[in-house]
Amino acid sequence: MTTAILLCAGITGFGALRSLARAGVRPAVIYHGRDNPVHRSRLPASRELVPREGGDPALLAAIERHGASGAVVIPCSDAFADFLSRHAARLRAAGLKLVLPPDDVTEALNDKVREIDLVRAHGATLPASLTALPSTAAELLAALPLPIIVKPRSYKFAHLIPRKNVILRSPDDADAFLTAQSGRLSAFVAQEVIEGPDAALWVCTCC
């Protein structure tokens, strides 16, 4: 019987898969794309590649096939968390359990503008951050020191740049980015880069 279903994306999904396997749980994995690291893993009890072109209906069908097992569904990306939030009632009615915060928390954490404001409101220390990008390099550099990391505010805008984020290391970099994204600057946030050795980089994914 399937006890857990992972909606896998990138190394986050692979990390969740390895953690569950270490605890003796072999989940079913559902994912997009053959470039996903879980595609060739031996750890899943089963795997299903669902093409992105199928949209929500294809993903729902893949998950609902496990409904009778009463499995726990764990999203491993912002997009998957958003998907589960939108279809929570239907999936719970199918007998599945969802690892998911309340909708308002999912929505806030899926929008970096809202997320930064939320974290600030709770008094946490943040890198210097801009949630509204100016149109000129001079204004940007007056607000943030170089180097600057620019990120899409949501997974919905990830297609606007070829990588997960852009690092601006010079005034010319800043000018080129702002010119290229003119008219779409509200889709991004910017923060100072706090540089350090590889050992200073960490990610914590918790359920």
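## Two open sheets and the salt bridges around them

An open sheet of 4 strands runs in the order β6-β9-β7-β8, and its pairing is antiparallel. The edges are β6 (129–130) and β8, each of which pairs on one side only. β7 and strand β9 (residues 188–192) pair in the antiparallel sense over 5 bridges. One pairing can be followed by residue: isoleucine 149 has glutamine 191 in β9 as its bridge partner. Two helices can be placed against this sheet. α6 packs on the sheet and touches β6, β7 and β9, with its direction at about 45° to that of β9. Helix α8 (residues 171–180) also packs on the sheet, in contact with β7, β8 and β9; its direction makes about 135° with that of β8.

This is a predicted model. The chain has 207 residues, of which 38% count as buried. It holds 8 helices and 9 strands. Its C-alpha atoms fill a box of roughly 60 × 35 × 35 Å along the principal axes. About 11,900 Å² of the chain is exposed, and carbon and sulfur atoms supply 55% of that area. Among contacts with a separation of 6 or more, 58% are between residues 24 or more positions apart.

### The parallel sheet

Another open sheet has 5 strands, ordered β3-β2-β1-β4-β5, with parallel pairing. Here β3 and β5 (97–98) are the edge strands, each pairing on one side only. Strand β2 (residues 28–31) pairs with β3 in the parallel sense over 4 bridges. Within that pairing, leucine 49 in β3 is the bridge partner of tyrosine 31. Helix α1 (residues 10–22) packs on the sheet. The α1 helix touches β1 (4–8), β2 and β4, and its direction makes about 160° with that of β1.

The loop between β2 and β3 contains alanine 45. Which residues does alanine 45 touch, not counting those up to four places away in sequence? They are Arg26 and Pro27. The C-alpha atoms of alanine 45 and arginine 26 are separated by 5.2 Å, although the two residues are 19 apart along the chain.

### Salt bridges

Side chains of opposite charge can pair when their charged atoms come close. The count for this model comes to 7 salt bridges. Three of the pairs are set out below.

| Pair | Closest N to O | Separation in sequence |
|---|---|---|
| Arginine 65 – glutamate 48 | 2.4 Å | 17 residues |
| Glutamate 64 – arginine 90 | 2.6 Å | 26 residues |
| Arginine 153 – aspartate 111 | 2.7 Å | 42 residues |

Arginine 65 forms a salt bridge with glutamate 48. Arginine 65 lies in the loop between α2 (55–64) and β4 (72–75), while glutamate 48 is in strand β3 (residues 46–49), so the pair ties together parts that are 17 residues apart in sequence. Arginine 65 is exposed, with a relative accessible area of 55%. Glutamate 48 is partly exposed, at 24%.

Glutamate 64 and arginine 90 also meet through their side chains in a salt bridge. This pair links distant parts of the chain: glutamate 64 belongs to helix α2, and arginine 90 to helix α4 (residues 88–93). Glutamate 64 has a relative accessible area of 27% and is partly exposed. Arginine 90 is partly exposed too, with 46% relative accessibility.

Arginine 153 forms a salt bridge with aspartate 111. Arginine 153 sits in the loop between β7 (148–152) and β8 (166–168), and aspartate 111 in the loop between α5 and α6 (112–121), so the pair ties together parts that are 42 residues apart in sequence. Is aspartate 111 buried or exposed? Aspartate 111 counts as buried because its relative accessibility is 13%, and the cut-off for buried is under 20%.

Elsewhere, a network of salt bridges links Asp56, Asp82 and Arg86.

### A nonpolar patch

Val105, Leu109 and Leu118 make a nonpolar surface patch of about 210 Å². Of these residues, leucine 109 lies in helix α5 (residues 103–109). Leucine 109 counts as partly exposed because its relative accessibility is 40%.

Notes:
Residues numbered from 1 in each chain as written. Predicted model: local features only at pLDDT ≥ 70, side-chain atom pairs only at ≥ 80, totals over all residues. Heavy atoms only, no water. Patch = residues over 30% accessible without salt bridge, like charges linked within 9 Å, V, L, I, M, F, W, Y side chains within 5 Å. Areas by Shrake-Rupley, 256 points an atom, 1.4 Å probe, with all protein chains shown as cover. Salt bridge = Lys/Arg side-chain N within 4 Å of Asp/Glu carboxyl O. Buried < 20%, exposed > 50% of the residue type's maximum accessible area, 1.4 Å probe, protein only. Pairing = 2+ DSSP bridges. Contact = heavy atoms within 4.5 Å. Axes fitted to C-alpha atoms, helices over the stretch in contact; angles between N-to-C directions.
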